[in-house]
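Visitor: Got a minute to walk me through this one? I'd like to go through it piece by piece.

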Amino acid sequence: MAGTSLRTYLLTRLALVVPMVLILLTLVFLLMRVAPGDPISAALGGHVPPALIKQIRHQLGFDKPLLTQYGTYLWDIARGNFGTTITDHRPLSQIITVNGAATLELTFFAMLIAIVVGVVIGLVAGRYRDTPLDVFGRLFGIVAYATPVFFLGLMGQLVFGVWLNWLPTSDQASPITQALLKTHTNILALDAVIDGNWSALGDVMKHLILPAATLGLATAGIFIRLIRVNVIRTLRDDYIEAARARGITERSVVYHHAFKNALVPVITVVGLNMALLLGGAVLTETTFNWPGIGHALVTYLENRDYTAVQGIIVVFALVVVAMSVIVDFLNAYVDPRIRY
Amino acid sequence: MAATTPRAALQPIVRAAKPIREAHGIARGMLWSGTAITLFFVVLALFAPWISPYKFNQYRSGNVRFPQLAHPSHKHLFGTTVQSSDVMARVIYGAQTELKVVVIALAMALVVGVPLGLVSGYFGGILDRGLVLIMDALFAFPYLLIAIVIAFLLSSSSIGSGVLTAAIAITVAYVPLYFRVVRNHVISVREEPYVDAARALGARPRTVIRKYVFFNVVQNVPPIATLNAADAILLLAALGFLGYGIQPNQGAEWGYDINRAVSDASSGIWWTGLFPGIAIVLLVTGLTLLGEGLNETINPVLRRRRFGRIDFEPLADESEQP
């Protein structure tokens, strides 16, 4: 048996990252360049003298041959230089650290909510298959999936923001908090903890509840479905039958043997759903005026700022690839069969 | 010969319908309720001009302008919007828009994705490797973002925004899914004895794919396409919400209406957002119930028959593993 070692597996997997990143980057480049219309005059509006447009075109290298542009584009990304926006001259690196941090804060708490809700309901529905509990769990999952995040967010704003007046309906923190809180990590909740500024933390958390719950509940639907099917599948496995045959109580079989194994694939699902969560974050951030990277993308799309859009899409692509690699690593670590 | 051909063509349909007749319990309930909800919206869409009290962009009746942001009343059951149009009319006409876009988008995604998957899976080789790399890269990417970018690029081109742009954006987002499903299935079917036999008899690849592989693979498509339609509704609504879907003068679209409702919400106005939202939730739920019901009755791993209990070996979902 010459099973491949973990290290060899990891190295092969890492090598596969290169073509994947290259393909994504090339697709983004082609899309943005093949795009009809002139990006620069589009971004600056119609009232710019041709000479200025020409100068900016030259500055951005848009007048060079396509292949040269492609080379520069790849080389810039390799050096970590994602460019500067056309409309408001912000370096992309600043968008990544500031807006990215806001998105990270939102998606982290949303994922937490999604995992707790999804795992609990999914396990119960799978365990009590075909009972009213299962029907309820599945229906909850389907409706959670069927509800657009922006609709759920709107209803949350109406009920908890406008009618009950419990929670703020937009922004990441109140203006006072944003002005007074010192910046360490750009993640406001973390900054508040570092400073031991508990009133600021309370304010940040209050602003976080609605967006995170909205995005989390919408994502939970997917978890419920997958975990339920996994539990059903695991409960039919031979080793479960064997455990039952050994006289282990059904309770112990379910809780100690089945659930643990049914949850292993969740790692994959969590990882793959990070990509989905990023898509959902765009909508959640727009609904709640959350200053994340998705919100930035929508704003720059409206302003037709091609370099900003291209830069943000490239960042998303890199995040997605990184997530898929991390998922595969974790899977290989947990499940030796994956290493072939 | 001529008599057997139509029957042979019908056979996969009959075979596919068999588990549906045998469905019972929850799966049966899901199938029927899903079908009922979906049909309800199809009827709304097809007969919108007769069902709806007003047109989707109508803001006056005779010479009387509708009130702005009026509460639901007997005259306007779902209330009116800030532009004085009737919310109920917009919800009903919205069904038409959703149906149009989703049908076009799914048809295009199938027409592109299925043949690519068939050819790529059957012939293998460099073409297959390349396609798999590209499709996997696209598949990993959040499809909402793909759709947004495509819609953004198309809307600044001569095509402009509208039904076709939205449909193309959704198509591009879903082609990788169909490609993957079909290709992976073709690869397992390719080695089946009956396909080998056909090849040994000297059938050309074209014939083998068309007559043997296609019908076997295509049975997987209905549940996926139904679930996908549910997803496509959400995607279209998301595009509309972000302003890249159907423009207000071209038709009513639920996502766009919810976008407009966000500013109403701060003054406690609920009817402009609630009704289009409920329409989305209902239609997506209906399609999901239908798709999952189909999946459960057709997929042998999850299927339970009416008579006796047959336990199948749990098949690992190979298509899900990287």
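Guide: Sure. Before we get to loops, a word on terms: helices and strands here are DSSP runs, numbered from the N terminus, with at least four residues for a helix and at least two for a strand. Also, this is a predicted model.

Visitor: Fine. What's the secondary structure of chain A, then?

Guide: Chain A comes to 15 helices and 0 strands. Its C-alpha atoms fill a box of roughly 85 × 60 × 40 Å along the principal axes.

Visitor: And how much of chain A counts as buried?

Guide: 41% of its 340 residues. As for contacts in chain A between residues at least 6 apart in sequence, 74% of them join residues at least 24 apart.

Visitor: Which non-glycine residue has a positive phi in the loop between H4 and H5 of chain A?

Guide: A:His89, with a phi of about 55°. That loop runs between helix H4 (66-78) and helix H5 (92-127).

Visitor: Is A:His89 buried or exposed, and why?

Guide: Exposed, because A:His89 has 7 other C-beta atoms within 10 Å, and the cut-off for exposed is 12 or fewer.

Visitor: What about A:Asn289? Where does that one lie?

Guide: A:Asn289 is in the loop between H13 and H14 of chain A. It isn't a glycine either, and its phi is positive at about 50°. A:Asn289 counts as partly exposed because it has 13 C-beta neighbours inside 10 Å.

Visitor: OK, switching to the interface. How many residues of each chain are in contact?

Guide: 44 residues of chain A contact 41 of chain B. On the chain A side, the elements giving two or more residues are helices H1 (6-34), H6 (132-146), H7 (149-163), H13 (266-288), H14 (293-302) and H15 (306-334). The largest share comes from H13(A), with 8 residues.

Visitor: What's the make-up of that side by class?

Guide: For chain A it's 31 nonpolar, 7 polar and 6 charged residues.

Visitor: You listed H6(A). What does its length look like against expectation?

Guide: It agrees: at 1.5 Å a residue, the 15 residues of H6(A) should span 21 Å, and the end C-alpha atoms are 21 Å apart. The buried residues in H6(A) include A:Gly137, A:Arg138, A:Gly141 and A:Tyr145.

Visitor: Over to chain B. Where is the kink in H9 centred?

Guide: On B:Tyr212, with a kink of about 35° in helix H9 (residues 205-218).

Visitor: Which residues of H9(B) are buried?

Guide: B:Ile209, B:Val213 and B:Val217. An α-helix has 3.6 residues a turn, so residues three or four places apart point the same way. Among what covers the buried residues of H9(B) are helices H4 (87-123), H7 (163-190) and H8 (193-200) of chain B.

Visitor: How do H4(B) and H7(B) cross? What angle, and which hand?

Guide: Their axes come within 6 Å and cross at roughly 30°, and the crossing is right-handed. The residues of that contact divide into 22 nonpolar, 5 polar and 3 charged.

Visitor: Last one: what does B:Ile233 touch?

Guide: Leaving out residues up to four places away in sequence, B:Ile233 touches B:Glu98, B:Val102, B:Ile280, B:Leu283 and B:Val284. B:Ile233 lies in helix H10 (residues 221-242) of chain B. It counts as buried because it has 28 C-beta neighbours inside 10 Å, where 20 or more is the cut-off. From B:Ile233 to B:Gly268 is 35 residues in sequence and 27 Å in space, C-alpha to C-alpha.

Technical notes: Residues are numbered from 1 along each chain as its sequence is written. Chains are lettered from A and ligands numbered from 1 in the order in which they are written. This is a predicted model: local features need pLDDT of at least 70, side-chain atom pairs count only at pLDDT 80 or more; totals for chains, interfaces and linings use all residues. Two residues are in contact if their C-beta atoms, placed from the backbone, lie within 7 Å. Ala, Val, Leu, Ile, Met, Phe, Trp, Tyr, Cys and Pro count as nonpolar, Asp, Glu, Lys and Arg as charged, and the others, Gly among them, as polar. The bend at a residue is the angle between axes fitted to the seven residues ending there and the seven starting there. The expected span of a helix is 1.5 Å times one less than its number of residues. Axes are lines fitted to C-alpha atoms, for helices over the stretch in contact, and angles run from 0 to 180 degrees between N-to-C directions. A crossing is left-handed if the near helix is turned anticlockwise from the far one by less than a right angle, and right-handed if clockwise.
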